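Q: Please take a close look at one part of this model, a single helix and its surroundings. A connected account of its packing would be appreciated.

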Amino acid sequence: DANKIIDSLGGTSAVAELTGVTTGAVSQWRTSENGVPWHWLKFFAQIRPDVVDPESVKTKEQPDENRV
């Protein structure tokens, strides 16, 4: 769940600072049915495996579209 991940990483502003994207983009992750883009899930799994399980990201396939 995008909200749980973002909140566990310190909230919208903290995630925006961590990723270099705007707070608006992070807010869209919260409301989008697609949630957090796949490449950011992989990043979060590497730096915060307590928040995003690295095994769960490995089992997911990269989506066809490139969401930024």
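**Helix α2 and its surroundings**

A: The residue T19 belongs to helix α2, and the model in which it is described is a predicted one. T19 is buried, because its relative accessible area of 12% falls under the 20% limit used for burial. Beyond the residues up to four places away in sequence, T19 touches W29, W40 and F44. A polar atom of the T19 side chain also lies 3.4 Å from the backbone nitrogen of V21.

T12 is likewise found in helix α2. Its side chain forms a polar contact with the side chain of R30, at 3.1 Å. When neighbours within four places in sequence are set aside, T12 is in contact with I6, T23, V26, S27 and R30.

Both residues take part in the packing of two helices. The axes of helix α2 (residues 12-19) and helix α3 (residues 23-31) come within 8 Å and cross at roughly 120°. This crossing of α2 and α3 is right-handed. On the α2 side, the contact is made by T12, S13, V15, A16 and T19; on the α3 side, it is made by T23, V26, S27, W29 and R30. Sorted by class, the residues in the contact of α2 with α3 are four nonpolar, five polar and one charged.

Two of the residues touched by T19, W40 and F44, lead on to helix α4. In helix α4 (residues 38-47), the buried residues are W38, W40, L41, F44 and A45. Viewed down the axis of α4, these buried residues fall within an arc of 155°, so they line one face of the helix. In general, an α-helix has 3.6 residues a turn, so residues three or four places apart point the same way. Through W40 and F44, T19 of α2 is therefore in contact with residues that belong to this buried face of α4.

The α3 residues W29 and R30, which take part in the contact with α2, also meet a residue of another helix. A2 is found in helix α1 (residues 2-8). Leaving aside neighbours within four places in sequence, A2 is in contact with W29, R30, G35 and V36. A2 is buried, with a relative accessible area of 12%. The C-alpha atoms of A2 and Q28 are separated by 9.8 Å, although these residues are 26 residues apart along the chain. W29 is thus in contact with A2 as well as with T19, while R30 is in contact with A2 and with T12.

Notes. Residues are numbered from 1 along each chain as its sequence is written. This is a predicted model: local features need pLDDT of at least 70, side-chain atom pairs count only at pLDDT 80 or more; totals for chains, interfaces and linings use all residues. Side-chain values use heavy atoms; hydrogens and water are left out. Axes are lines fitted to C-alpha atoms, for helices over the stretch in contact, and angles run from 0 to 180 degrees between N-to-C directions. Helices (H or I, at least four residues) and strands (E, at least two) are DSSP runs, numbered from the N terminus. A crossing is left-handed if the near helix is turned anticlockwise from the far one by less than a right angle, and right-handed if clockwise. Contact means heavy atoms within 4.5 Å. Ala, Val, Leu, Ile, Met, Phe, Trp, Tyr, Cys and Pro count as nonpolar, Asp, Glu, Lys and Arg as charged, and the others, Gly among them, as polar. Buried means under 20% relative accessible area, exposed over 50%, partly exposed in between (1.4 Å probe, protein chains only). The arc is that of the directions from the helix axis to the C-beta atoms. A polar contact is a pair of N or O atoms within 3.5 Å; within protein, one must be able to donate a hydrogen and the other to accept it, and residues adjacent in sequence count only if both atoms are side-chain atoms.
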